[in-house]
Amino acid sequence: MDRLRKTAWAALPLLLPFLAAGSASASASPLESSLPFGSVRSVHPGDTLTVNAKTGEASYAETITSSAFIRAGKLRMMDPLLTTTVTVACDTRPGTYPVLLHGAGDVGPEEHPFRWARVRVEATDEAARRACRNKVQKLPPPSLEERWAPDSTWPQSAWDVRTFRAGSRITITDNYDEGSDGDITLTSRAFADRSVLRGARAVLTATTTLRCDSAPGLYVVYRHDAGQAGPDKPWARLRIAPAAPGKACAAQQAAKHSAGTSRLGAVAWAAGGVLLAAAVGAALLLRANSRRSHSA
């Protein structure tokens, strides 16, 4: 046992560099691609950076911009952080560039953005720039889906995608249309009926039941305002999960079956009435013809 211990201690200095390198490689990747507040990052054309803002550092829907980036990044909610991604343009010259944070309503030259960080773009050759252009062309579009706190009302934004089970009853909340009681109607292929937002104060709400036969997937909720001309507008999105085993969907399907049976019964009674009327008419016609023949 003592011999094994001595061998292990003797080998430890040789193993430490490999352990340190492995630990550094495991932690370097997220750090290299992030752009925290107040940082200065060394980057190359084509690099994609992730900006994560904590509470108090930025607000929802604010934008991250720089003349070194292909386009601005809009901060979206991924609870508990606000996040976006930006990509360094392939033709960016070497140098240090400020990264700015613009408020959601900031437009025009009179606005004063806030400095978020800086990026130091390293020099590169033409071959690397060609590779950068190929890489940028293949980049997937940024995801628009957001993740808000599970205890917050739904929806907080047009892309606040929550997951609900088919057949469940849900509450819809509108925090931005004070004074529009009864003026906004919501529809979706996932809803069993149309929903009208109601409320005498700043918050409007509605409840609806999700269809039991809705296939799992993403569904759009459309908004129609009173007096609106033109097509309804996408207002929110939700994801449907398979219905949970229980009575809710069974009752919904039973009601649907009952309605279908009632319609079939009404059709049958109508058809029977037509046939009966035709039979009575035929009998009366035969009787009249018989009387004419006897009288003749």
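**Exercise 1. The disulfide at C212**

Task: In this predicted model, decide whether C212 counts as buried or exposed, and find which cysteine a disulfide joins to C212.

Solution: Begin with the accessible area: C212 has a relative accessibility of 13%, and because buried means under 20%, C212 counts as buried. Next, look for the partner sulfur, which belongs to C249, with an S to S distance of 2.2 Å; since two cysteine sulfur atoms within 2.5 Å are taken as a disulfide, the pair qualifies. The torsion about this S-S bond is about -105°, so the disulfide of C212 and C249 is left-handed. In the chain, C212 belongs to the loop between β13 (204-209) and β14 (217-225), whereas C249 belongs to helix α3 (residues 247-295), so that the bond links distant parts of the chain, 37 residues apart. Finally, C249 is buried as well, at a relative accessible area of 16%.

**Exercise 2. The disulfide at C90**

Task: Determine how many disulfides the count comes to, and work out what the handedness of the disulfide of C90 and C132 is.

Solution: The count comes to 2 disulfides. One of them is formed by C90 and C132, whose sulfur atoms are 2.0 Å apart. The torsion about their S-S bond is about -85°, so this disulfide is left-handed. C90 lies in the loop between β6 (81-87) and β7 (95-102) while C132 lies in helix α2, and the pair therefore ties together parts that are 42 residues apart in sequence. As for accessibility, C90 is buried with a relative accessible area of 10%, and C132 counts as buried at 3%. When the bonded cysteines are numbered in sequence order, the pairing reads 1-2, 3-4.

**Exercise 3. Aromatic rings**

Task: Establish how many aromatic pairs a search of the whole structure finds, and classify the pair of W154 and F164 from the angle between its planes.

Solution: The search finds 4 aromatic pairs. For W154 and F164 the ring centres are 5.4 Å apart and the planes stand at 70°; because an angle over 60 degrees counts as edge-to-face, the pair is edge-to-face. W154 sits in the loop between α2 (126-137) and β9 (162-165) and F164 in strand β9, so that the pair links distant parts of the chain, 10 residues apart. Both W154 and F164 are buried. Elsewhere, ring pairs link F37, F114 and W116 into a cluster. A separate contact involves a charge, for the charged end of R237 sits over the ring of W159, 3.9 Å from its centre.

**Exercise 4. The sheet that contains β9**

Task: Write down the strand order of the open sheet of 5 strands, and identify which strands are its edge strands.

Solution: The order is β9-β15-β14-β11-β12, with mixed pairing. Its edge strands are β9 and β12 (195-196), each of which pairs on one side only. Within the sheet, β14 and strand β15 (residues 233-241) pair in the antiparallel sense over 7 bridges, and the bridge partner of Y219 in β15 is L238.

**Exercise 5. The whole protein**

Task: Describe the protein through its secondary structure, its buried share, its contacts and its surface.

Solution: The protein has 3 helices and 15 strands, and 29% of its 296 residues are buried. Of the contacts between residues at least 6 apart in sequence, 59% join residues at least 24 apart. The accessible surface comes to about 19,000 Å², 60% of which belongs to carbon and sulfur atoms.

Terms used: Residues numbered from 1 in each chain as written. Predicted model: local features only at pLDDT ≥ 70, side-chain atom pairs only at ≥ 80, totals over all residues. Heavy atoms only, no water. Phe/Tyr/Trp six-rings, centres within 6.5 Å; stacked < 30°, edge-to-face > 60°. Helix = DSSP H or I, 4+ residues; strand = E, 2+ residues; numbered from the N terminus. Buried < 20%, exposed > 50% of the residue type's maximum accessible area, 1.4 Å probe, protein only. Lys NZ or Arg CZ within 6 Å of the ring centre and 35° of its normal. Pairing = 2+ DSSP bridges. Contact = heavy atoms within 4.5 Å. Areas by Shrake-Rupley, 256 points an atom, 1.4 Å probe, with all protein chains shown as cover.
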